[in-house]
Amino acid sequence: MSTKAHLLALSTTIFLLFIVFRLSPFCVYKIDYDGGYVLCVSVFKKFPPISSRDTVAPLDSYKSFKDRKYNLPPAIDEKEDAVNLSGKNFSDVLAKNQHVMVAFYAPWCFWSKKLAPEYEAAATELKGKAVLAKVNAINEIELAKRWGIQGYPTIYFFVNGVHVDTYYHNRKKDAFVNYIKTKMAGDLYTVMTTENAEHLLTAQSTIALGFLNSLKGLEGEVLAAASKLHPDVLFFQTTRADVAKMFLIDPEIKRPALVLLEKESKQLSHFDGPFTDARIYDFISLNKIPPMITYTRETAALISDSRLQELWLFATVHDSETKSIFQEAAKAFKGKLLFVYFQMDLLQTDRRQISDYFGITGHAPRVIAVNDFFNGEKYVLNGELTLSNIKSFALDFLEDKLRSQQSDTTLLKNKKGY
């Protein structure tokens, strides 16, 4: 067929379509469901309902549809225990709650509506222990797009803000409850793509990654057992060399290998002992603590339970430069000494007790080394609190040289009664 013939056929088709649409005024239809609607356009004056339960309302134009306001019930009741998430509060809810399940749903979706009562019942049973939340993916288009939602409902499970699993199991209340309780007890997750690995590297959680020969077998069982001993650490396994490389594991290294990424410092620690749950437990215990930890009521137990010798900085909120120097020095002793920052100008009773225990008077910043918080000897660093002085003091303390350096340090007598 010649070019002229093609153009003639195309122009004729366009003309006929114009006549059809010009002589047959189109109608806009809104098909209502229980909790949703579909907008349809038709050149016919009548458009049959999809079922006897659904209603079809012809509208004069799209503008008339747009100008009307419809209060449609959501697929999941807004007043119940499952938390409603949007782009505004999504990150905040995940950041403030350790275990969060999120259901992305569509109000018109049959399976979303079938999920609703079971999901809500699970949310009620787990209230105060874990958060079950939901996102109306039709309203929150950008949020759904960000998380790659392509079907409804899609259910994700988050731990400390990290997407660790997608829920594909039974959608009954008991199944949700049992699944979440199992995850709360500690679990081993799998990462097999560099995209997911990238998310882990930027997550605000402490991550342990095992580079294994196989995802099934003894190596995975050992790592899973270790995960239950450290529920505050997220454990992952992989067999992919490209994923291991992102965590600075040599792809040619003898497997199994293990690294720990501490959330605050973003420092990687490499495990080099026998691959047993007991040795992994010790490794995680030493390295999951940041180089410098700030004393609070929440971190007090972590400090007291530490097996490491401690270096304390007592300073006020105005001594930010000294705090920065102390924090920098701490990086050289990660896993060897525990550096603790104590803000003196807070007035809680427990803080006054600790200040009295260490014999702290006045507001001048001081660095004190202690072998054992309750019974050990305590040494005070005399002189200017520079980076080199703090590092030298810490190294001498670690090598047990402070007893012979009374000119540079002061030995404090241990006080009882704390």
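**A friendly walk through a predicted model**

Colleague: Where is lysine 288 found?

Modeller: Happy to start there, and please keep in mind that this is a predicted model. Two elements frame the residue, helix H10 (277–287) and strand S14 (292–294). Lysine 288 is found in the loop between H10 and S14.

Colleague: Is lysine 288 buried or exposed?

Modeller: Buried means under 20% relative accessible area. Lysine 288 has 16% relative accessibility, so it counts as buried.

Colleague: Which residue's side chain does the side chain of lysine 288 join in a polar contact of 3.0 Å?

Modeller: Let's look at the surroundings. Not counting residues up to four places away in sequence, lysine 288 touches Thr206, His230, Asp232, Val233, Leu260 and Glu262. The side chain that shares the 3.0 Å polar contact with lysine 288 belongs to aspartate 232.

Colleague: Which element gives the largest share of the lining of the largest pocket?

Modeller: The largest pocket has a volume of about 1300 Å³. Of the 47 residues that line this pocket, the closest to its centre are Asn160, Val162, Ala203, Gln204 and Ser205. Elements giving two or more residues to the lining include helix H3 (90–96), strand S8 (162–166) and helix H12 (320–330). The largest share, five residues, comes from S8.

Colleague: How many charged residues are in the lining of the largest pocket?

Modeller: It helps to go class by class. The lining has 20 nonpolar and 17 polar residues. For the charged class, the count is ten.

Colleague: How many residues apart are tryptophan 108 and tyrosine 152, and what kind of pair do their rings form?

Modeller: The structure holds 26 aromatic pairs. In this one, the ring centres of tryptophan 108 and tyrosine 152 are 6.0 Å apart with planes at 85°, and planes over 60 degrees apart count as edge-to-face. The pair links distant parts of the chain: tryptophan 108 lies in the loop between strand S5 (99–105) and helix H4 (110–125), and tyrosine 152 in the loop between helix H5 (141–146) and strand S7 (154–159). The two residues are 44 residues apart, and the pair is edge-to-face.

Colleague: What kind of pair do the rings of tryptophan 312 and phenylalanine 314 form?

Modeller: Both tryptophan 312 and phenylalanine 314 are buried. Ring pairs link them with Tyr295, Phe342, Tyr357 and Phe358 into a cluster. The centres of the two rings are 5.7 Å apart and their planes stand at 15°, so the pair is stacked.

Technical notes
Residues numbered from 1 in each chain as written. Predicted model: local features only at pLDDT ≥ 70, side-chain atom pairs only at ≥ 80, totals over all residues. Heavy atoms only, no water. Helix = DSSP H or I, 4+ residues; strand = E, 2+ residues; numbered from the N terminus. Buried < 20%, exposed > 50% of the residue type's maximum accessible area, 1.4 Å probe, protein only. Polar contact = N/O pair within 3.5 Å; in protein donor to acceptor, adjacent residues only side chain to side chain. Contact = heavy atoms within 4.5 Å. 1 Å grid on protein atoms, 1.4 Å probe; cavity = no way out; pocket = protein on both sides within 12 Å on 5 of 7 lines; lining within 4 Å. Points joined across faces, edges and corners; volume = space filled by probe spheres on them. Nonpolar A, V, L, I, M, F, W, Y, C, P; charged D, E, K, R; others polar. Phe/Tyr/Trp six-rings, centres within 6.5 Å; stacked < 30°, edge-to-face > 60°.
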